[in-house]
Amino acid sequence: KAQAAAAVSSRAGGTCSAAMVSRDCNAIYDTGYFYDLYPSFEEVPEGVVITYHLLPNPVLQSIEITGNSKAEPTDKLTKLVTVQTGQILNSRTLQENVSAIEKQYHTDGYVLAKISDLNIDRDGHLTIKISEGVLEGYNVKGNVKTKKKVILREMRTKVGEPLNKKDVTRSWQRLNNLGFFESVDIKPTPGEAPNAVVLALDVKEK
């Protein structure tokens, strides 16, 4: 309640308007501590009394991160989560934590990684589910003299691993260093699973 009271800008004795009530509601939402609220009005001789009925977020009891692999270990990601157990969940801070996790993945080269689901149950157990963007396979085209296995052994990302942009760049460099190709083009194409990809390798032999 203290956070909501501090956020409200209207004061007793002021003029009541729909814009003022809307501004107060938005300010209370922006604190991040409430998942819903609604105002009610009571006419009194002096004017009107506004009551903001608050529905607070649950008290956070535990945090679980799922879907991540050795690419980004759980203890590394946990350090980016600043919402605290034993306190009312602040959804604004949680969104900042989500952005921090995704930024860490992208900084490390995992450009497809994203938070696929956030869920907090009635008992306050928070689950952060990550979709890392897994490589489903390779589609090689343009090779006539060069065997497919020769090309694939230069690829730095194995099938089933999260795709890393830095590894794709290194793979492209290694294929060019073979000296077999006039050009090498690597681009991701949609896989069968959500957020999964197939790398299309299009080479032109010398």
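Student: How many bridges join β4 to β5?
Tutor: 6 bridges join them, and the two strands run antiparallel. Two strands count as paired if DSSP finds at least two bridges between them. Strands (E, at least two residues) and helices (H or I, at least four residues) are DSSP runs, numbered from the N terminus.

Student: What kind of model is this, and how are residues numbered?
Tutor: This is a predicted model, where local features need pLDDT of at least 70, side-chain atom pairs count only at pLDDT 80 or more, and totals for chains, interfaces and linings use all residues. Residue numbers run from 1 along each chain as its sequence is written, and side-chain values use heavy atoms, leaving out hydrogens and water.

Student: Back to the hairpin. How many residues sit between β4 and β5?
Tutor: 4 residues lie between them. In that turn, G124 has a positive phi of about 90°.

Student: Which residue in β5 is opposite N119?
Tutor: T127 in β5 stands opposite N119. T127 also stands opposite E64.

Student: And S62?
Tutor: S62 faces H125 in β5. β3 and β5 (residues 125-131) are joined by 5 bridges and run parallel.

Student: What is the strand order of that open sheet?
Tutor: The order is β3-β5-β4, 3 strands with mixed pairing. The edges are β3 (62-66) and β4 (114-120), each pairing on one side only. Neighbouring strands are turned by 15° against each other on average, direction ignored.

Student: Which helix packs on the sheet?
Tutor: Helix α4 (residues 91-107) does, touching β4 and β5. Its direction makes about 150° with that of β4. Axes are lines fitted to C-alpha atoms, for helices over the stretch in contact, and angles between N-to-C directions run from 0 to 180 degrees. Contact means heavy atoms within 4.5 Å.

Student: Now the other open sheet. What is the order?
Tutor: β6-β8-β7, again 3 strands with mixed pairing. β6 and β7 (181-190) are the edge strands; each has a single partner, so one side of each lacks a neighbour in the sheet. The twist averages 20° from one strand to the next.

Student: In what sense do β7 and β8 pair?
Tutor: Antiparallel, over 9 bridges, with β8 covering residues 197-205. K187 has A200 in β8 as its bridge partner. Helix α6 (residues 165-177) packs on this sheet, touching β7 and β8, and its direction makes about 155° with that of β7.

Student: What is the phi of N195?
Tutor: About 65°, so positive, although N195 is not a glycine. Most residues other than glycine have a negative phi. N195 is in the loop between β7 and β8. Its relative accessibility is 24%, so N195 counts as partly exposed. The cut-offs are under 20% relative accessible area for buried and over 50% for exposed, with partly exposed in between (1.4 Å probe, protein chains only).

Student: G137 next: buried or exposed?
Tutor: G137 counts as buried because its relative accessibility is 11%. G137 lies in strand β6. Leaving out residues up to four places away in sequence, G137 touches V159, V197, V198 and L199. The C-alpha atoms of G137 and V197 are separated by 7.4 Å, though the two are 60 residues apart along the chain.

Student: Where does T146 lie?
Tutor: In the loop between β6 (135-141) and α5 (148-152). At 9% relative accessibility, T146 is classed as buried. T146 touches I151, F180, F181 and E205, again not counting residues up to four places away in sequence.

Student: Switching to pockets. What volume does the largest pocket have?
Tutor: About 350 Å³. Of the 16 residues lining the largest pocket, R11, A12, G13, V48 and I50 are the closest to its centre. α2 (18-30) and β2 (47-56) are the elements that give two or more residues to the lining.

Student: How are pocket and volume defined?
Tutor: The search uses a 1 Å grid over the protein atoms alone. A cavity is a set of points where a 1.4 Å probe fits but cannot get out; a pocket is an open set with protein on both sides within 12 Å along at least five of seven lines. Lining residues have an atom within 4 Å of a point. Grid points join across faces, edges and corners, and the volume is the space filled by probe spheres set on the points.

Student: Which element gives the largest share of the lining of the largest pocket?
Tutor: β2, with 5 residues. The whole lining divides into 8 nonpolar, 5 polar and 3 charged residues. Nonpolar means Ala, Val, Leu, Ile, Met, Phe, Trp, Tyr, Cys and Pro; charged means Asp, Glu, Lys and Arg; the others, Gly among them, are polar.
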